[in-house]
Amino acid sequence: MDLDSQEYDKLKVSDSEVRKIVLSYLVHNCFKETAETFIACSGMKRTADCSVDIDKRKPIYNHVLEGNVLKAVELTNLLAVDLLPTNKDVNFELLTLHFVELVRAKDCAGALEFAQKELRDFSEQEHYREKLQDCMALLAYEEPETSPMFSLLSMDHRQSVADALNCAILAHANLPSYTSMERLLQHTTVVRQYLNQELGKDGPPVFTLKAYLKG
Amino acid sequence: MGGDNGVGPPPLKRLKLSIPTAKAVPGDSLVTILAPPMAKDMPADDGVTIGSRGQIRKLEFVRIITQALSSLGYKHAATALEEESGVPLQLPVVSDFRREILAGLWDESITTLHKITWLDDETVKLASFLILQQKFLEFLDSGDTSSALKTLRSEISLLGINTHRVHELASFVMCPSREALSERADWRGANPDSRVCLLEQLQNLLPPALMIPENRLEHLVEQALEVQRKSCLFHNSSEHLLSLYTDHRCSRDQIPTRTLQVLEAHENEVWFLQFSHNGRYLASASKDLTAILWEVVEDGLVKLRHILRGHQKAVSFVAWSPDDTMLLTCGNEESVKLWDTSTGECRHTFNKPNSCFTSCAWFPDGNRFVSGGGDKSIYMWDLEGQELESWKGARMPRINDLAITVDGSHMVSICGDKDIRIYNLEEKSERVIEEEKPITSLSVSKDGRYLLVNLVSQEIHLWDIAVSSKLLFKYRGHRQGRYVIRSCFGGSDHAFIVSGSEDSQVYIWHRQNGELLEVLPGHSGTVNSVSWNPVNPHMFASASDDHTIRIWGLTTNIDQKNPNVGAANGIDHLENGGTRELLENLKPFY
């Protein structure tokens with residue numbers, strides 16, 4: 001860091017604030033036992049009964065990670081029946097993930113049938129058309145893993161869909177759909193970017209988390 | 001040549017087919033035909049040429065004649081020509097290929113494709129892609145999705161080209177219906193038409209010597225006719241088709257240059273005139289406070305029908321309704337009058353106190369019109385007298401002339417001195433063209449694309465106003481300094497620009513090259529306005545300060561005329577250009 005660390009040392013950061021940040025991360029990502037242990041060890045007051053909420057969200061999250069989309073959808077609907085209909089983007093991601101899983105399982109006829117039934121409506125809408133085309137493109141290859149669209153079959157993709165669903169559920173329950181830690185990092189990055197644009201060489205360099213953690 | 005359907009593979013540079021040219025030895029056998037496979041298959045061009053300039057290869061000429069015979073349906077003749085000349089229209093393998101494509105025998109056609117030598121790998125791949133794509137689409141169209149997918153997966157993807165299109169094809173399995181498929185895929189559907197279209201696309205990929213584009217001879221002939229038509233300077237005829245027997249060239253006498261009639265019904269300067277859209281009537285406006293309706297009778301002559309009285313001041317403008325049943329007149333006063341053209345009665349008077357309308361224009365639906373004038377506003381009216389809309393304000397300077405394009409999309413006006421304002425009525429946006437000098441009048445072409453303006457600097461400017469404004473031509477030669485002089489488009493295809501002038505003559509220019517073609521004397525006063533009959537390319541009329549209207553026609557008309565027709569209202573002009581009979585009846589100009 002190029003800035004004078006004396007500037008930082010002057011600021012006081014309250015410990016309880018930091019704990020809240022850590023807790024929010026744990027709760028968001030459904031680390032139930034860790035969260036409970038953390039609360040117990042740090043002597044924090046339990047502000048809300050988040051365990052119930054985590055109990056519901058965690059299985060959904062895991063199902064998506066494993067590719068059991070239908071089960072995840074079922075549980076989501078039990079949790080909040082109007083969530084998926086009102087979150088079209090998330091709904092789209094889930095349905096296309098299911099399609100991708102069918103393709104991965106080499107069930108092309110099943111995939112085709114599923115697409116024609118569930119995804120047809122999305123094909124009418126400009127917004128989804130391109131992404132849908134990318135998914136459908138998997139059908140064109142006998143070995144989808146080697147096709148240009150192979151990223152759809154990856155774990156990363158599953159992860160991002162799971163995250164999206166998780167955020168949607170939190171938002172639906174009027175809880176923050178992002179973690180404060182994430183937000184803080186984003187904040188820092190954007191502010192540093194502005195400064196860099198404004199002041200150029202005279203200002204602080206652009207922020208990257210990786211670089212920060214290294215040195 | 002087949003057009004691109006949007007389906008195509010990336011553009012391919014045309015393969016140069018190197019046809020081995022043997023030396024041209026007279027008496028040598030013309031070709032090696034139909035050699036066994038693997039040998040040189042194409043007929044060898046021996047370099048013989050025909051035609052007066054030696055620019056036509058005989059081999060090619062014979063082949064396209066054979067093609068023309070065949071497409072006209074004269075199959076026997078085509079075969080006979082092939083035999084007699086020894087030049088086959090195309091190689092048997094190509095004939096097979098065409099047949100298989102049209103019959104939908106896809107796998108066979110690909111096999112045949114590989115048999116055609118002279119093609120490189122890339123071409124073969126591209127052609128195969130097109131063929132397999134058609135196979136895929138036809139499967140989808142018939143509802144056989146699994147076969148379609150199989151084709152896509154095991155045949156098309158393997159070509160390894162055009163990945164984007166492959167992905168698009170995959171998404172087409174989602175199309176709910178045939179129509180949706182046709183539309184999304186930009187495809188004509190599973191009918192003979194689309195296979196013909198495919199053949200054309202394949203043709204574009206293959207060297208033309210191998211598979212000659214369809215209707216090649218007709219195409220060449222049409223090109224020639226087009227060139228002839230364009231280079232015909234005086235082209236002015238109602239005939240659409242040119243003959244193949246002689247080169248087309250209109251002579252100068254296709255332009256009307258003779259006064260056929262002089263109409264004297266007005267008692268003062270005639271300021272404006274215009275033919276009706278159907279070319280059967282003429283309306284004129286004069287300082288004598290009247291407008292007159294004339295009827296065109298046979299032989300391109302004109303007879304008075306109605307005198308429209310009612311205006312308190314001089315009438316300076318008329319406008320025919322799109323269906324010619326009504327006429328609007330306005331002058332330097334506060335009202336615009338609407339007349340019924342069959343009875344000559346005034347149907348309505350539109351008043352706006354403190355205004356002074358100089359011009360008006362109809363909307364294409366014939367139910368509304370706009371009028372504009374000195375009070376810096378434009379008003380839109382319906383036929384009952386209701387004011388529907390108005391454009392006013394500081395940004396609206398004095399309106400000198402107004403027009404609405406034929407499709408009703410734009411309103412063009414001259415505001416202030418030098419600005420032409422093109423207002424888009426649908427989007428309510430506008431463009432302004434700034435001219436160098438003050439403009440006196442404007443005229444819009446029939447297709448709404450061109451604009452003609454007269455400037456006080458003695459120039460007429462032609463603008464292209466289609467998308468953006470471009471000055472195309474300036475026409476000079478006439479005199480215009482103080483008065484409003486009008487010009488218009490004339491002749492078949494709007495080939496001419498014609499204008500009045502302060503030197504009492506009518507000027508005609510060729511529109512495409514700006515050349516001044518004719519200067520026609522006859523009037524004894526400033527010619528204020530001219531109007532060319534939209535239906536008869538050999539007739540136009542001019543209006544002058546000498547109180548008369550002249551009807552102009554072709555020189556050849558003179559011989560057939562009966563001297564007594566229309567005598568009551570105008571003296572028919574018989575002599576060669578003399579005006580002696582008329583001046584006796586006219587007040588002197590000065």
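Definition to start with: I call two strands paired if DSSP finds at least two bridges between them. I'm also keeping in mind that this is a predicted model.

**Entry 1, the β12 to β15 sheet.** I went to chain B and traced an open sheet of 4 strands, which run in the order β12-β13-β14-β15 with antiparallel pairing. Which strands stand at the edges? I found β12 (357–362) and β15 (387–391) of chain B there, and each has a single partner strand, so one side of each is left without a neighbour in the sheet. I looked up the twist too, and the average is 20 degrees from one strand to the next.

**Entry 2, inside that sheet.** I picked the pair made by β13 (residues 368–373) and β14 (residues 378–382) of chain B, and counted 5 bridges in the antiparallel sense. Which residue of β14(B) is the bridge partner of B:Phe369? I clicked through and landed on B:Trp381.

**Entry 3, the β8 to β11 sheet.** Still in chain B, I followed an open sheet of 4 strands in the order β8-β9-β10-β11, again with antiparallel pairing. I checked its edges: β8 (315–320) and β11 (346–351) of chain B each have a single partner strand, so one side of each has no neighbour in the sheet. Ignoring direction, I noted an average turn of 20 degrees between neighbouring strands here.

**Entry 4, β8 and its partner.** I looked at how β8(B) is joined to β9 (residues 326–331) of chain B, and the tally is 5 bridges, with the two strands running antiparallel. For one of the residues, B:Ala319, I wrote down B:Leu328 as its bridge partner in β9(B).

Note on methods:
Residues numbered from 1 in each chain as written. Chains lettered and ligands numbered in written order. Predicted model: local features only at pLDDT ≥ 70, side-chain atom pairs only at ≥ 80, totals over all residues. Heavy atoms only, no water. Axes fitted to C-alpha atoms, helices over the stretch in contact; angles between N-to-C directions.
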